[in-house]
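Work through the exercises below with the model open. Each task is followed by a solution in steps.

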Amino acid sequence: MNRQEWLSKLSALKSDFDRAVSEKKLSQDIERDFLSKKGSLSLLLRELSSFSIEEKKELGSLGNDFKKSILEYLSASPDNISKSKVSSDLDLTLCGYPYPHGSVHPITATTEKIISSMSKLGFSLEYGPLVEMDYFNFEALNFPPDHPARDMQDTFYLPHKDERGSDYLLRTHTSPVQIRTMQSRKPPLRVISTGKVFRSEAVDASHSFVFHQLEGFCADKNISMSDLKWTMESFIKDMFGSAAKIRFAPSYFPFVEPGAGVEVSCVFCSSHKGKCPVCKSTGWLELIGAGMIHPEVFKACGYDPMETSGFAFGAGIDRFAMLLYGITDMRQLFENDLRVLKNL
Ligand code: FA5
């Protein structure tokens, strides 16, 4: 190769480099193509060994100037800049591979288990609003204004009234879904509803100011307490296993007559040898409020109580979740502590 050929090769390499830049080639590719051991500029500079000293000086300085301009470009090239930015954004607190898998929250899992269990008994699912009217939450459920039973369910009120002058409030239970469903549909009805409810309550191991309820009711002809009892027994055995037993104790809710607390035999006693902290060694847990739908409730929904009869029940889903997952403090369900959630 003579001097002229070497110069025209250098000028060809400069054009190649300009093209690589305009095509936004990655800097690591440019570095490999021009400057690596077998890169085109390195090979061209090696050719200088057969040239005279004067030519080596002249052509070597031209070749080195070109090498310098490539290096300057590489150190300031956009993908170099983004590389350094990425490394400074590196978040060492992120989980390593394999990534941990999330799981369904125990409240959601319990709700799904409840819905599946009740749907096997022929109950369909309805939802109601969380911001409810006093009329649906209390009045139509036979809690007239100033009824003392309202004190059992104090709640949070909104500074708005509906067109009837009835207050808006955060619903205290899922029972308003009974009224909404019966006012819009005709019997026979077998309906459940699940969702959040709110009460102005002090928080402790078994109480929260936001919790979740299951509501269920049946409205038809000739429904009796034995239908309620059979439904409760089938439901509880499906949830907690066939060894679970139930018993009814007298209770009061203005929207049922008679009213009952459904108690379930404690499934934890056997593992605590006579000193069960869950049922306090009574052997029974009150899990569900229930009863026969009050005639005044049927009247508020436009049904004739002489023709239609029915039962209703309501349960705390959070307390079901505590029993199913062996959780002794309800607050653990809302603290999002991964150590708790992972062990469920
Ligand atoms: C009611 O809310 C009635 N609506 C249930 C009902 C429906 C009775 C239909 C009859 C017919 P009670 O206030 O007892 O009832 O609440 C029902 C369940 O919600 C309780 O058994 C309990 O499991 C749960 N619960 C009540 N208060 C709280 C609270 N502060 N925190 C967590 N769970 C609660």
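Two strands count as paired if DSSP finds at least two bridges between them. The model is predicted.

**Exercise 1. State the strand order of the open sheet, and find which strands stand at its edges.**

Step 1. The open sheet has seven strands, and reading across gives β1-β5-β6-β10-β9-β8-β7. The pairing is mixed.

Step 2. Look for strands with a single partner: these are β1 (124–125) and β7 (246–251). Each stands at an edge, so one side of each has no neighbour in the sheet.

**Exercise 2. Describe how β9 and β10 pair, and name the residue of β10 that stands opposite Gly291.**

Step 1. Locate the strands: β9 covers residues 284–293 and β10 covers residues 309–316.

Step 2. Their pairing is antiparallel and runs over five bridges.

Step 3. Opposite Gly291 is Ala312 in β10.

**Exercise 3. List the strands touched by helix α6 and by helix α9 where they pack on the sheet.**

Step 1. Helix α6 (residues 106–120) touches β1, β5 (189–198), β6 (210–220) and β10. The direction of α6 makes about 165° with that of β5.

Step 2. Helix α9 (residues 225–240) is in contact with β6, β7, β8 (256–265), β9 and β10. Between the directions of α9 and β7 the angle is about 130°.

**Exercise 4. Characterise the largest pocket by volume, lining and residue class.**

Step 1. The volume is about 620 Å³.

Step 2. The lining has 29 residues, and those closest to the centre of the pocket are Arg199, Gln213, Gly314, Gly316 and Arg319.

Step 3. Two or more lining residues come from each of β6, β9, β10 and α11 (317–325). The largest share belongs to β9, with six residues.

Step 4. Sorted by class, the lining has twelve nonpolar, eleven polar and six charged residues.

**Exercise 5. Do the same for the second largest pocket.**

Step 1. This pocket has a volume of about 510 Å³.

Step 2. It is lined by 19 residues; Ser206, Pro277, Val278, Leu285 and Met322 lie nearest its centre.

Step 3. The elements giving two or more residues to this lining are β9 and α11. Strand β9 gives the most, four residues.

Step 4. By class, the lining of the second largest pocket has eleven nonpolar, five polar and three charged residues.

How values were computed
Residues numbered from 1 in each chain as written. Predicted model: local features only at pLDDT ≥ 70, side-chain atom pairs only at ≥ 80, totals over all residues. Heavy atoms only, no water. Contact = heavy atoms within 4.5 Å. Axes fitted to C-alpha atoms, helices over the stretch in contact; angles between N-to-C directions. 1 Å grid on protein atoms, 1.4 Å probe; cavity = no way out; pocket = protein on both sides within 12 Å on 5 of 7 lines; lining within 4 Å. Points joined across faces, edges and corners; volume = space filled by probe spheres on them. Nonpolar A, V, L, I, M, F, W, Y, C, P; charged D, E, K, R; others polar.
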